[in-house]
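Let's take a walk through this model, starting in the middle and working outwards. Keep the structure open beside you as you read.

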Amino acid sequence: MRIKLIVAYDGTNYHGWQVQPNGITIEEVLNKALSDLFERDIKVLGASRTDAGVHALGNVAIFDVDSKMEPTRISYALNTRIPEDITVLDSCKVDDDWHPHFVSSVKTYEYRILNRTFQDPLRRLNTYHYHHKLDTNAMKRAAKYFEGTHDFSAFCSVKAQVKTFERTLYSVNVIREEDEIIIRCSGNGFLYNMVRIMVGTLIAVGQGRIMPEEISDIIKSKDRENAGPTAPAQGLTLIGIEYR
């Protein structure tokens, strides 16, 4: 049977989702825990390969297993075998041909910026501290240029190996809550480092180095050199994936 997991994690101590030769990853931890649980080699397949240091509240993974264990009990069994910075929130049976990469979905990410003079030690692992004041009104205007279907080559790492750079963003919102700026993006998919490059560019807008209306020209240029820097990983969280 095929099992779907919903997984939350603090990515601080991990080299991302996908198994890497140079450090421990979320996928590696789940593979080991599942293999121990079912006493056979099991490998999960994740819906989103989050980068090193990136967090998640609702990433999705699947695996196949021949077992009489009740699917809903797998999450309980796994949570006794994995570190406290990873939690399996749900486990359920899905159709044998269900695959997260081939189902229409909406992914939502949030990037949090702590915008005040001094760092908050309690938020250092899940926010990016930026001490100069940012113009959130300008950032809000700029964010709207990202919405719609575009070629996002200018907002993608050169390491990306994809068939197309076209993605559709349904909403990109900039919200200020006291000393935090939250950038929330929902779309049908994201390129490698895309959200972090968008955030770095919006920070440049907030600094006054890029005008909001320039975002449209940067997108049209398809040139990574024209966009802003890649924002640090710790501020980014995959909020969830909604399947349609």
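**From the core outwards**

The largest nonpolar core takes in 73 residues, and those with the most contacts inside it are L34, F63, I113, F146, F155 and I183. The biggest share of this core comes from α4, which gives 9 residues. A nonpolar core here is a set of buried Ala, Val, Leu, Ile, Met, Phe, Trp, Tyr and Cys residues joined through side-chain atoms within 4.5 Å. Buried means under 20% relative accessible area, exposed means over 50%, and partly exposed is in between, using a 1.4 Å probe and protein chains only.

A word on the ground rules before going on. This is a predicted model, in which local features need pLDDT of at least 70 and side-chain atom pairs count only at pLDDT 80 or more, while totals for chains, interfaces and linings use all residues. Residues are numbered from 1 along each chain as its sequence is written, and side-chain values use heavy atoms, with hydrogens and water left out.

Back to α4, then. This helix covers residues 194–207, 14 in number, and reaches 20 Å from its first C-alpha to its last, close to the 20 Å expected at 1.5 Å a residue. That expected span is 1.5 Å times one less than the number of residues in the helix. Helices (H or I, at least four residues) and strands (E, at least two) are DSSP runs, numbered from the N terminus. The helix is mostly covered, with 13 of its 14 residues buried. Just after α4 comes G208, with a positive phi of about 90°.

Now zoom in on T201, which lies in helix α4. T201 counts as buried because its relative accessibility is 0%. Which residues is T201 in contact with, leaving aside its neighbours within four places in sequence? They are F155, I210, I215, I218, A227, G228 and P229, where contact means heavy atoms within 4.5 Å. With G228 there is also a polar pairing to look at: a polar atom of the T201 side chain lies 2.8 Å from the backbone nitrogen of G228.

Step back along the chain to N193, in the loop between β9 and α4. At 14% relative accessibility, N193 is buried as well. Leaving aside neighbours within four places in sequence, N193 is in contact with D51, F155, S157 and T230.

D51 comes up again in a salt bridge, where its side chain meets that of R196 (3.5 Å, N to O). Since R196 lies in helix α4 and D51 in the loop between β2 (45–46) and β3 (55–64), the pair ties together parts that are 145 residues apart in sequence. Both ends are tucked away: R196 is buried, with a relative accessible area of 13%, and D51 counts as buried at 16%. A salt bridge here is a side-chain nitrogen of Lys or Arg within 4 Å of a carboxyl oxygen of Asp or Glu, and the structure holds 13 of them.

On to strand β9 (residues 180–187), home of I183. I183 has 1% relative accessibility and so counts as buried. Not counting residues up to four places away in sequence, I183 touches Y109, E110, Y111, I113, M139, N173, V174, V199 and L202. By contrast, the C-alpha of I183 is separated by 22 Å from that of K220, 37 residues apart along the chain.

E180, also in β9, brings us to another salt bridge, this one between the side chains of R123 and E180 (3.1 Å, N to O). R123 sits in the loop between β5 (105–114) and β6 (128–129), so this pair ties together parts that are 57 residues apart in sequence. Both R123 and E180 are buried. Salt bridges that share partners join E110, R112, R116, D120, R123, D179, E180 and R184 into one network.

For a salt bridge out in the open, try D41 and K43, whose side chains meet at 3.0 Å, N to O. D41 is exposed at 61% relative accessibility, and K43 is exposed too, with a relative accessible area of 56%.

Last stop, the cysteines. How many disulfides (pairs of cysteine sulfur atoms within 2.5 Å) does the structure hold? There are 0. C156 is in no disulfide, and the nearest cysteine sulfur, that of C185, is 15 Å away. C156 is buried, with a relative accessible area of 3%, whereas C92 counts as partly exposed at 22% relative accessibility.

Key
A polar contact is a pair of N or O atoms within 3.5 Å; within protein, one must be able to donate a hydrogen and the other to accept it, and residues adjacent in sequence count only if both atoms are side-chain atoms. A disulfide is a pair of cysteine sulfur atoms within 2.5 Å.
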